[in-house]
Amino acid sequence: MLKKTITFKNILGEDDTVDAYFNLNNIEYLRVSAKFGIKGDLVKGLKALLNTEDVDGMLKAVEGIVLAAYGVRPNNDSSGFIKTEEATQIFSASEPYSVMMMELINDPAVLNDFVKKLTEGIKANPANGEEKTAQSAVQPLTNSVVNPNA
């Protein structure tokens with residue numbers, strides 16, 4: 001789990017600060033990687049997108065990662081982490097989200113740090129020592145469906 005403190009101007013024009021929480025599990029990591037055509041390590045995949053100067057692709061990938069990882073902690077305790085479409089929709093329409101996204105897309109070092117921290121410990125992340133992609137992760141399932149004796 002990653003906690004990101006975001007400072008922004010609220011609707012009254014006053015400085016405000018919120019803590020936002022992000023987490024990706026193994027399957028979410030694979031889903032996000034596959035959705036944006038990133039094979040293997042998300043950090044390396046995002047760097048490759050940066051090198052193509054595909055601004056639209058980069059923005060969609062960063063937004064996809066952030067929104068897939070966003071969730072709320074009930075009562076700000078450690079007893080749970082909840083991801084709902086409603087919570088994600090509210091966050092994506094907020095000023096803290098806008099501030100965070102601008103920071104991520106304008107500073108590659110901040111983006112790199114965010115994604116590295118977000119993906120620490122994910123077994124599907126090749127950077128953590130286990131080479132798994134969405135393709136290789138589903139291969140055993142595909143083989144057993146095609147050949148039930150496999």
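Ile6 lies in strand S1, where strands are DSSP runs of E with at least two residues, helices are runs of H or I with at least four, and both are numbered from the N terminus. This is a predicted model, in which local features need pLDDT of at least 70, side-chain atom pairs count only at pLDDT 80 or more, and totals for chains, interfaces and linings use all residues. Residues are numbered from 1 along each chain as its sequence is written, and side-chain values use heavy atoms, with hydrogens and water left out.

Back to Ile6: with a relative accessible area of 3%, Ile6 is buried. Here buried means under 20% relative accessible area, exposed means over 50%, and partly exposed is in between, using a 1.4 Å probe and protein chains only. Leaving aside residues up to four places away in sequence, Ile6 touches Asp16, Thr17, Val18, Ala20, Pro96, Val99 and Met100; a contact means heavy atoms within 4.5 Å. Take Val99 from that list: Ile6 and Val99 are 93 residues apart in sequence, yet their C-alpha atoms are 7.5 Å apart in space.

The rest of S1 follows an alternating pattern. Leu2, Lys4, Ile6 and Phe8 point to one face and are buried. Lys3, Thr5, Thr7 and Lys9 point to the other face and are not buried.

Now for the sheet. It is open and has three strands, in the order S1-S2-S3, with antiparallel pairing. S1 (2–9) and S3 are the edge strands, each pairing on one side only. Two strands count as paired if DSSP finds at least two bridges between them. In general, strands of a sheet pair through backbone hydrogen bonds, either parallel or antiparallel.

S1 and S2 pair over eight bridges in the antiparallel sense. In S2, Phe22 is the bridge partner of Leu2, Ala20 stands opposite Lys4, and Asp15 is the bridge partner of Lys9. The two strands make a hairpin with five residues between them, and Gly13 in the turn has a positive phi of about 80°. On the other side, S2 and S3 run antiparallel and are joined by two bridges, with Phe22 standing opposite Tyr70 in S3.

Phe22 also leads into the aromatics. A search of the whole structure finds five aromatic pairs. Rings of Phe, Tyr and Trp (its six-membered ring) pair if their centres lie within 6.5 Å; planes under 30 degrees apart count as stacked, over 60 as edge-to-face and the rest as tilted. Two of the pairs look like this:

| Pair | Centre to centre | Angle between planes | Geometry |
|---|---|---|---|
| Phe22 and Phe114 | 5.3 Å | 80° | edge-to-face |
| Phe91 and Tyr97 | 5.4 Å | 75° | edge-to-face |

The Phe22 and Phe114 pair links distant parts of the chain: Phe22 is in strand S2 (residues 15–22) and Phe114 in helix H6 (residues 108–119), 92 residues apart. Both Phe22 and Phe114 are buried. Phe91 counts as buried at 6% relative accessibility, and Tyr97 counts as buried at 6% relative accessibility too. Phe22, Tyr70, Phe91, Tyr97 and Phe114 form one aromatic cluster.

Tyr21 has a charged partner: Arg73 lies over the face of its ring, 4.6 Å from the ring centre. A charge sits over a ring if NZ of Lys or CZ of Arg is within 6 Å of the ring centre and within 35 degrees of the ring normal.

On to the helices. Phe91 turns up again in H4 (residues 85–92), whose buried residues are Ala87, Thr88 and Phe91. Seen down the helix axis, they fall within an arc of 100°, so they line one face of H4; the arc is that of the directions from the helix axis to the C-beta atoms. The face turned away from that buried side carries the exposed residues Glu85, Glu86, Gln89 and Ile90. The buried residues of H4 pack against S2, H3, strand S3 (70–71) and helix H5 (95–106).

H3 (residues 55–69) has 15 residues that should span 21 Å, and its end C-alpha atoms are 21 Å apart, which agrees. The expected span is 1.5 Å times one less than the number of residues. The buried residues of H3 are Gly57, Met58, Ala61, Val62, Gly64, Ile65, Val66 and Ala69.

Finally, Ser33 sits in helix H1 (residues 26–35). Ser33 is buried, with a relative accessible area of 4%. Not counting residues up to four places away in sequence, Ser33 touches Ile38, Gly40 and Leu42.
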